[in-house]
Amino acid sequence: MAEEAILGFLNNNEEITDSGQFSSELNLDHNEVVNVIKSLHGFRYIDVQDIKRETWVLTDEGKKYAAEGSPEVQLFLAVPEEGSISKDELQKKLAPSVFKIGCSQAGKNKWVEMGKQVSRKVQHVEDKVKGTLLQIQEGKEIDKDGITSLKARKLIAPQVWKGYSVKKGPNYAPERKKVATDLTRENLQNWEELEFKEYNFNAKGAPVDAGHLHPLLKVRKQFKDIFVQMGFEEMPTNNFVESSFWNFDALFQPQQHPARDSHDTFFLKAPSTTRTLPEDYVERVKQVHESGGYGSRGYNYDWKREEANKNLLRTHTTAVSSRMLYALAQQPFMPKKYFSIDRVFRNEAVDRTHLAEFHQIEGLICDRGLTLGDLIGVLEDFFSRLGMSKLKFKPAYNPYTEPSMEIFSYHEGLGKWVEIGNSGMFRPEMLLPMGLPEDVRVIAWGLSLERPTMILYGIDNIRDLFGHKVDLDLIKRNPICRIGI
């Protein structure tokens, strides 16, 4: 119906000047007319120009006043013609919002005398607000002062009307030709008699419904590839729950250390304690904590087994490293290179740079006669593969490494040195109780997975990367990751 009307009108006229007026005159739905115009324009039957007009429509409050009258008039009519009425009695006659607005506007217009008693100052008033609202509702033109007044009271709101002016296009015809859209057997047999729809090579296909890799997984894969290229073996990190013994005590971390407090670590209620630990090893760890050994004075305190038995969510993947090194010590020694990339948990306040769970990247090398120079050389090799060739090292403290170093890299974009990780050599108090030979040294380093991922993908809030607030479009549209290229 709408298509026939548009093409038929243009057959006898030069232009449809206003699609809205055209729709009204022919009693057509304007939305339907707009859809037909867009379709005909796509096939170049017509040329169109956009038309935009700003109109005013009544808000819900404006519609109410158009039907019932303005609050000031309602209040005026509630005041008796002769005498007065108490303010409390008047308030009972009107809705709270009508009373409040009515008092303000009627007083401003000097229609009533306001006090404990309310009385009329005039006998008759005209409800200009209601009249103006009705005019707008009927589509009539309103003067600028009337619009300004109603807009200030939020009784009207702007509405942009969109339509089109229409002229004949290069492919105009009084009737749309039916074009073939499929290459069927019948269509191919009669191809000379048919007109085929032009193929649109710029049209987007239907989006592919498929899985997508999270940015963290892409960056993790790159780190894993680098470790494998350097000859490292991945450690099993499938246990999120760990005992305090492997997480702290085996690393020569004292039981009164602040990191072992409940406000820094998630302890489990059930099962609250571990079932088994290697007893001979536990005894050696207890001894080195209490009285030292292997060239150390220890911490000189009463080491408690019940503290070591407590289960927790691991605070670092170094707990896995301690298990692996202990297992290595139970066999004839063989040099090893280990790495892990997995989730750890800290009882921290959540903000734009911290979460209660995140991913730790850890690498370690266990061999005879390793030195701090070996550690620096391995770090320079490792980070150069990430595209970080400018490194600095700063002395630091860790309970289970000595010496320890913070790792800094020069960030070209920020124009400054930024901390990228931590490193060190595991202490003899940690390694020798395990049973490793005295000349064996272990060098290790660690960093988070989230920080490099945020830098690579331009994300400044960690909650936009990991957790329940992640935008799924980020997962679908993020680019491939090529670290160091």
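Which residues does Leu28 touch, not counting residues up to four places away in sequence? Select Leu28 and find out: Met1, Ala2, Ala5, Phe22, Ser23 and Val33. (Contact, or touching, here means heavy atoms within 4.5 Å.)

Before we go on, a word about what is on your screen. This is a predicted model, in which local features need pLDDT of at least 70 and side-chain atom pairs count only at pLDDT 80 or more, while totals for chains, interfaces and linings use all residues. Residues are numbered from 1 along each chain as its sequence is written, and side-chain values use heavy atoms, with hydrogens and water left out.

**Stop 1: around Leu28**

Stay on Leu28, which sits in the loop between α2 (19-25) and α3. (Helices, H or I with at least four residues, and strands, E with at least two, are DSSP runs numbered from the N terminus.) Leu28 has a relative accessible area of 16%, so it is buried. (Buried means under 20% relative accessible area, exposed over 50%, and partly exposed in between, with a 1.4 Å probe and protein chains only.) Now add Met1: it is 27 residues away from Leu28 in sequence, and the two C-alpha atoms are 8.6 Å apart in space.

**Stop 2: two crossing helices**

Next, select α1 (residues 2-12) and α3 (residues 30-42). Their axes come within 9 Å and cross at roughly 60 degrees. (Axes are lines fitted to C-alpha atoms, for helices over the stretch in contact, and angles run from 0 to 180 degrees between N-to-C directions.) Show side chains to see the contact: α1 brings Ala2, Glu3, Ile6 and Leu7, and α3 brings Glu32, Val33, Val36, Ile37 and Leu40.

**Stop 3: helix α13**

Jump to residues 279-290. This is α13, with twelve residues and a reach of 16 Å from first C-alpha to last, close to the 16 Å expected at 1.5 Å a residue. (The expected span is 1.5 Å times one less than the number of residues.) Colour Tyr281, Val282, Val285, Val288 and His289, the buried residues of α13. Look down the axis of α13: these buried residues fall within an arc of 130 degrees, so they line one face of the helix. (The arc is that of the directions from the helix axis to the C-beta atoms.) A handy rule helps here: an α-helix has 3.6 residues a turn, so residues three or four places apart point the same way.

What do the buried residues of α13 pack against? Turn on α12 (244-247), α14 (305-309), α15 (318-329) and α17 (428-431) to see the partners.

**Stop 4: unusual backbone spots**

Keep this in mind: most residues other than glycine have a negative phi, and most peptide bonds are trans. Just after α13 comes Gly292, with a positive phi near 85 degrees. Now click Tyr294 in the loop between α13 and α14. Tyr294 has a positive phi of about 60 degrees although it is not a glycine, and it counts as partly exposed at 41% relative accessibility. Asn300 is also found in the loop between α13 and α14. Its phi is positive too, about 55 degrees, and Asn300 is not a glycine. With a relative accessible area of 60%, Asn300 is exposed.

For a cis peptide bond, go to Ala270 and Pro271, where omega is about -10 degrees. Pro271 has its place in the loop between α12 and α13. Another cis bond joins Glu402 and Pro403, with omega about 0 degrees, and Pro403 is in strand β13.

Pro271 also leads us to Asn311, in strand β9 (residues 311-313). Asn311 counts as buried, at 7% relative accessibility. Leaving aside neighbours within four places in sequence, its contacts include Pro271, Val241, Phe267 and Thr274.

**Stop 5: α16 and the cores**

Select α16 (372-384). Its buried residues are Leu375, Val378, Leu379, Phe382 and Phe383. They cover an arc of only 120 degrees around the axis, which puts them on the same side of α16. Their packing partners are α11, β11, β12 (391-398), β13, β14 and β15.

Finally, look for Phe223, Phe382, Phe383 and Trp445: they have the most contacts inside the largest nonpolar core, a set of 35 residues. (A nonpolar core is a set of buried Ala, Val, Leu, Ile, Met, Phe, Trp, Tyr and Cys residues joined through side-chain atoms within 4.5 Å.) A second, separate core has 31 residues, including Trp246, Ala308, Phe426 and Val442.
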